[in-house]
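Trainee: I have a new model open on my screen and would like to learn how to read it. Could you walk me through it, one question at a time?

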Amino acid sequence: MNGLHLIADLHQCRCAPEFLLDAPGLETFCVDACTRHGLSVVGRLFHPFRDQQGNPAGVTGTVVLAESHLAIHTWPEINSVTLDVYVCNFSGDNSERAHALFSQVIDAFKPTHSEKKEVARGHLG
């Protein structure tokens with residue numbers, strides 16, 4: 001299994017407010033970023049949410065990778081984003097690719113504050 005899970009909570013994002021609401025735009029950005037960093041996209045789903053009045057209210061999206069996944073959730077009402085990048089390293093070490101992808105996605109949202117965690121997963125021994 002031997003994986004790396006990178007997790008971030010991004011606060012006070014200074015990106016264009018529309019970016020937090022744009023499911024097709026976020027999908028394109030995330031898929032392109034995964035590909036740019038040498039990860040293999042095998043599926044994707046980005047779902048826009050609406051509030052009780054029918055107004056856009058955030059996006060949840062996942063890019064399924066042969067190496068594992070990228071997941072993103074936007075919270076436009078508080079200019080925040082949660083992000084997960086998980087890669088498995090069974091046949092090769094994808095850690096560098098995961099870190100590069102993670103950094104690119106974080107930079108796109110321009111948070112003034114972020115909380116990041118790195119979790120080694122599935123290490124036997």
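Mentor: Gladly! Keep in mind that this is a predicted model. For a start, residues 24 or more positions apart account for 61% of the contacts in the chain with a separation of 6 or more.

Trainee: Thanks! In what pattern do the helices and strands follow one another along the sequence?

Mentor: Let's take the inventory before the order. The chain has 2 helices and 6 strands. Reading along the sequence, you meet them as β-α-β-β-β-β-α-β.

Trainee: What radius of gyration does the chain have, and how does that agree with a compact globule?

Mentor: Begin with the outline: along the principal axes, the C-alpha atoms fill a box of roughly 50 × 30 × 25 Å. For 125 residues, a compact globule would have a radius of gyration near 14 Å. The chain agrees with that, at 15 Å.

Trainee: What share of the exposed area do carbon and sulfur atoms supply?

Mentor: Think about the inside and then the outside. Buried residues are 38% of the 125 in the chain. The chain exposes about 7000 Å², and the part of it supplied by carbon and sulfur atoms is 53%.

Trainee: And the charges: how far apart do the centres of the positive and negative sets lie?

Mentor: Count the side chains of each sign: there are 9 positive and 14 negative ones. The centres of these two sets lie apart by 2 Å.

Trainee: Now some single residues. Where does glutamine 12 lie, and is this residue buried or exposed?

Mentor: Good one to pick. Most residues other than glycine have a negative phi. Glutamine 12 is not a glycine, yet its phi is positive, about 55°. Its place is in strand S1, residues 3-13, and because its relative accessibility is 52%, glutamine 12 counts as exposed.

Trainee: Which loop holds lysine 110, and what is the phi of this residue?

Mentor: Look between helix H2 (95-109) and strand S6 (111-121), where lysine 110 lies in the loop. With a relative accessibility of 44%, lysine 110 counts as partly exposed. Although lysine 110 is not a glycine, its phi is positive, at about 50°.

Trainee: Which side chain makes a polar contact with the side chain of histidine 37?

Mentor: Histidine 37 sits in the loop between helix H1 (23-36) and strand S2 (41-50). Leaving aside neighbours within four places in sequence, histidine 37 is in contact with Arg97, Ala100, Leu101 and Gln104. The polar contact between side chains spans 2.7 Å, and the partner of histidine 37 is glutamine 104.

Trainee: Is proline 76 buried or exposed?

Mentor: Proline 76 has its place in the loop between strand S4 (68-75) and strand S5 (80-88). Beyond four places in sequence, its contacts are Leu20, Leu21, Ala57 and Gly58. For alanine 57, 19 residues away along the chain, the C-alpha separation from proline 76 is 6.6 Å. The relative accessible area of proline 76 is 18% and the cut-off is under 20%, so proline 76 is buried.

Trainee: How far from glycine 58 is the C-alpha atom of glutamate 18?

Mentor: Glutamate 18 lies in the loop between S1 and H1. Glutamate 18 is exposed, because its relative accessible area is 53%. Although glutamate 18 and glycine 58 are 40 residues apart along the chain, their C-alpha atoms are separated by 9.7 Å.

Trainee: Which residue has its backbone nitrogen 2.9 Å from a polar atom of the side chain of aspartate 22?

Mentor: Aspartate 22 is in the loop between S1 and H1, and this residue is partly exposed, with a relative accessible area of 32%. The C-alpha atoms of aspartate 22 and threonine 74 are separated by 9.8 Å, while the two residues are 52 apart along the chain. The backbone nitrogen you asked about belongs to glycine 25.

Trainee: Last one: what is the C-alpha separation between phenylalanine 49 and threonine 74?

Mentor: Phenylalanine 49 belongs to strand S2 and is partly exposed, with a relative accessible area of 38%. Leaving aside neighbours within four places in sequence, its contacts are Asn55, Pro56, Ala57, Gly58, Val59 and Thr60. Threonine 74 is 25 residues from phenylalanine 49 along the chain, and their C-alpha atoms are separated by 9.8 Å.

Technical notes
Residues are numbered from 1 along each chain as its sequence is written. This is a predicted model: local features need pLDDT of at least 70, side-chain atom pairs count only at pLDDT 80 or more; totals for chains, interfaces and linings use all residues. Side-chain values use heavy atoms; hydrogens and water are left out. Helices (H or I, at least four residues) and strands (E, at least two) are DSSP runs, numbered from the N terminus. The radius of gyration is taken over C-alpha atoms; the globule rule is 2.2 Å times the number of residues to the power 0.38. Buried means under 20% relative accessible area, exposed over 50%, partly exposed in between (1.4 Å probe, protein chains only). Contact means heavy atoms within 4.5 Å. Accessible areas come from the Shrake-Rupley method with a 1.4 Å probe; for residues, only the protein chains shown count as cover. Lys and Arg count as positive and Asp and Glu as negative; His and the chain ends are not counted. The place of a charge is taken as NZ of Lys, CZ of Arg, CG of Asp or CD of Glu. A polar contact is a pair of N or O atoms within 3.5 Å; within protein, one must be able to donate a hydrogen and the other to accept it, and residues adjacent in sequence count only if both atoms are side-chain atoms.
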